[in-house]
Amino acid sequence: MSTEQPSRLARFWDLSSRGRAALDALEHLIGGLGTAVLALCTFLWLLIVALLCLVGIGIVLAPLSLRILRVVADRERARLSRWGPEMLGAQPVPARLGAALRDTTVLREMAWTACHTVFGFFLGLVAMTLPIDVLHDVSFPIWWRLVPPDAATGVQGFFTATDWPSALLVCVLGMVALVVTVLLLPALAWIQAWPGRELLAPAHGTDLALRVAELKATRAAALDAHAAELRRIERSLHDGTQNRLVAVNVLIGAATRALDRDPDNAREILARAQDAAE
């Protein structure tokens, strides 16, 4: 009995972890659908600009279009970084159009828009429809008698229920579809993210170079802050010591002048001078 209870807890924990993974994958897929819409708009705009280049107008619009492409690609990089290893942003797009069109990162971003427009959009739509279809089929026995006979369909509309056994069969098939959906969603999320992971990642060695540059910049900033703090301390020490030395000098002068006419007052002034010196 004691060994059976932990095994049940382990199975329950495994099911709950799979459920959380499926929900995370669903959120990931819907987020990918949003960037797929942006990629689709960007891809269509790039095609229009390419056609306008035939009459010369597109050459003027091309630099702005490439910067828009970079913004959309960086948005996908940020989305993928929230769901996996961090993806570093690319360097700014070269100012000259010829250099920008020869830039490897820009070319890979163009390829990503084409891939994500197709696969990202399709998989995002599939991810949105699967839970709706599962909920439709699982709850089918509750409402199938409340709709017209020709509308009482389940299993993607391929099965029409005419009696209670057929309605229960739709519910059973919906539960099977639920299990398949829970297992399938993480794989769909991985497939949707794969073009971005491959095409938007920095070139080999760029990651290390950027890390080294960031480390150098951080070290230089720390050294500058340390030097500024030392200068502040030096100024404080210099100003404070100088003021006290002036005060000691003034007090000694006052004590010297008061020594003959008021010895008691001179001793008091000397005591104050000693305190200031300490």
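In this predicted model, helix 2 (residues 57-82) packs against helix 4 at an angle of about 70°, and the two axes lie 10 Å apart. An angle from 65 to 115 degrees counts as roughly perpendicular, so helix 2 and helix 4 are placed in that class. Their crossing is left-handed. On the side of helix 2, the contact is made by L66, L69, R70, V72, A73, E76, R77 and R79. Helix 4 contributes T105, V106, E109, M110, W112, T113 and H116 to this contact.

Helix 4 itself is worth following from its start. There, a side-chain oxygen of D103 reaches to within 3.1 Å of the backbone nitrogen of T105, and T105 is also one of the residues in contact with helix 2. Further along, helix 4 bends by about 40° at H116, another residue of that contact. The helix comprises 35 residues (104-138), and at 1.5 Å a residue it should therefore span 51 Å. Its end C-alpha atoms are 49 Å apart, in agreement with that expectation.

A second partner of helix 4 is helix 6 (residues 164-199), with axes that come within 9 Å and cross at roughly 165°. Because angles over 145 degrees count as roughly antiparallel, helix 4 and helix 6 are described in that way. Here too the crossing is left-handed.

Helix 6 can be examined in the same manner. With 36 residues at 1.5 Å each, helix 6 should span 52 Å, and its end C-alpha atoms are indeed 52 Å apart. Helix 6 also carries a kink of about 35° at A193, shortly before the proline P195.

Methods. Residues are numbered from 1 along each chain as its sequence is written. This is a predicted model: local features need pLDDT of at least 70, side-chain atom pairs count only at pLDDT 80 or more; totals for chains, interfaces and linings use all residues. Side-chain values use heavy atoms; hydrogens and water are left out. Helices (H or I, at least four residues) and strands (E, at least two) are DSSP runs, numbered from the N terminus. The expected span of a helix is 1.5 Å times one less than its number of residues. The bend at a residue is the angle between axes fitted to the seven residues ending there and the seven starting there. A polar contact is a pair of N or O atoms within 3.5 Å; within protein, one must be able to donate a hydrogen and the other to accept it, and residues adjacent in sequence count only if both atoms are side-chain atoms. Axes are lines fitted to C-alpha atoms, for helices over the stretch in contact, and angles run from 0 to 180 degrees between N-to-C directions. Angles under 35 degrees count as roughly parallel, over 145 as roughly antiparallel, 65 to 115 as roughly perpendicular and the rest as oblique. A crossing is left-handed if the near helix is turned anticlockwise from the far one by less than a right angle, and right-handed if clockwise. Contact means heavy atoms within 4.5 Å.
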